[in-house]
Amino acid sequence: MGTKFKDAKPLTEEEEAEIQRQIASDPDAPEATDEELAQAKPFAEAFPDLAESIKRSRGRPAVDNPRQQISLRLEPEVIAKFKATGKGWQGKINDILKHAKI
C-alpha cells in the first residue's frame, strides 16, 4: 500500500519548526503532560455505558439462506449490459437465473 503523498517533498527544518510552533500555540489542543497521560484510561473503561451503546457488530447481518459465491465466465457484453442497469446488477442476474425455465 503506497503513501498518500508519495511525491511530496520532505519538510525543511524551518517548515517543521513553524508547524510545531503553530501546534504549541493552539489553545484548543494543548499537549498532554506526562501526569495526564499516566491518568489516561481507555475509552471503554472511562465511559462504559457510552462505549456499549455505540458498539456494533462487523460485517453484514447473518441471513437464514446465504448466497453461495461461485466463479462464472460470462461474455463481456453480457456483463456490460447488466452493469449499465446500475447498483444491484449481480442480484438481477440471480433473479433472472432463478426464474429461468431450464
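## A tour starting from Phe43

Select Phe43 to begin: with a relative accessibility of 41%, this residue counts as partly exposed. On the scale used here, buried means under 20% relative accessible area, exposed means over 50%, and partly exposed lies in between, with a 1.4 Å probe and protein chains only.

The model is predicted, so local features need a pLDDT of at least 70 and side-chain atom pairs count only at pLDDT 80 or more, while totals for chains, interfaces and linings use all residues. Residues are numbered from 1 along each chain as its sequence is written, and side-chain values use heavy atoms, with hydrogens and water left out.

**The aromatic pair.** Keep Phe43 and add Phe47, which is partly exposed at a relative accessible area of 48%. Searching the whole structure yields one aromatic pair. Phe43 and Phe47 form this pair, which is tilted, with 5.6 Å centre to centre and 45 degrees between the planes. Rings of Phe, Tyr and Trp (its six-membered ring) pair if their centres lie within 6.5 Å; planes under 30 degrees apart count as stacked, over 60 as edge-to-face, and the rest as tilted.

**The whole chain.** Next, display the protein chain as a cartoon. It contains six helices and zero strands, in the order α-α-α-α-α-α from the N terminus. The radius of gyration is 27 Å, well over the 13 Å that the globule rule gives for 102 residues, so the chain is more spread out than a compact globule. This radius is taken over C-alpha atoms, and the rule is 2.2 Å times the number of residues to the power 0.38. Along its principal axes, the C-alpha trace spans about 75 × 45 × 20 Å. Buried residues make up 4% of the 102 residues. Helices (H or I, at least four residues) and strands (E, at least two) are DSSP runs numbered from the N terminus.

Colour the chain by pLDDT, the predictor's confidence in each residue from 0 to 100. The average is 90, and 97% of the residues score at least 70. Among the elements, helix H4 (residues 48-54) has the lowest mean, 90, and helix H5 (residues 76-83) the highest, 96.

**Three single residues.** Select Glu18 in helix H1 (residues 13-24); at 32% relative accessibility, Glu18 is partly exposed. Its C-alpha atom is separated by 38 Å from that of Leu50, 32 residues apart along the chain.

Move on to Ser57, in the loop between H4 and H5. Ser57 counts as exposed, at 63% relative accessibility. The C-alpha atoms of Ser57 and Asp28 are 34 Å apart, with their positions 29 residues apart along the chain.

Ala84 follows, in the loop between H5 and helix H6 (89-99). Ala84 is exposed at 68% relative accessibility. From Ala84 to Ile102 the C-alpha distance is 26 Å, and the two are 18 residues apart in sequence.

**The largest pocket.** Finally, show the surface. The largest pocket holds about 560 Å³ of space. Of its 13 lining residues, the closest to the centre are Gln68, Ile70, Gln90, Ile93 and Asn94. H6 gives the most to this lining, with six residues. The lining comprises seven nonpolar, five polar and one charged residues. Ala, Val, Leu, Ile, Met, Phe, Trp, Tyr, Cys and Pro count as nonpolar, Asp, Glu, Lys and Arg as charged, and the others, Gly among them, as polar.

On a 1 Å grid over the protein atoms alone, a pocket is an open set of points where a 1.4 Å probe fits, with protein on both sides within 12 Å along at least five of seven lines; lining residues have an atom within 4 Å of a point. A volume is the space filled by probe spheres set on the points.
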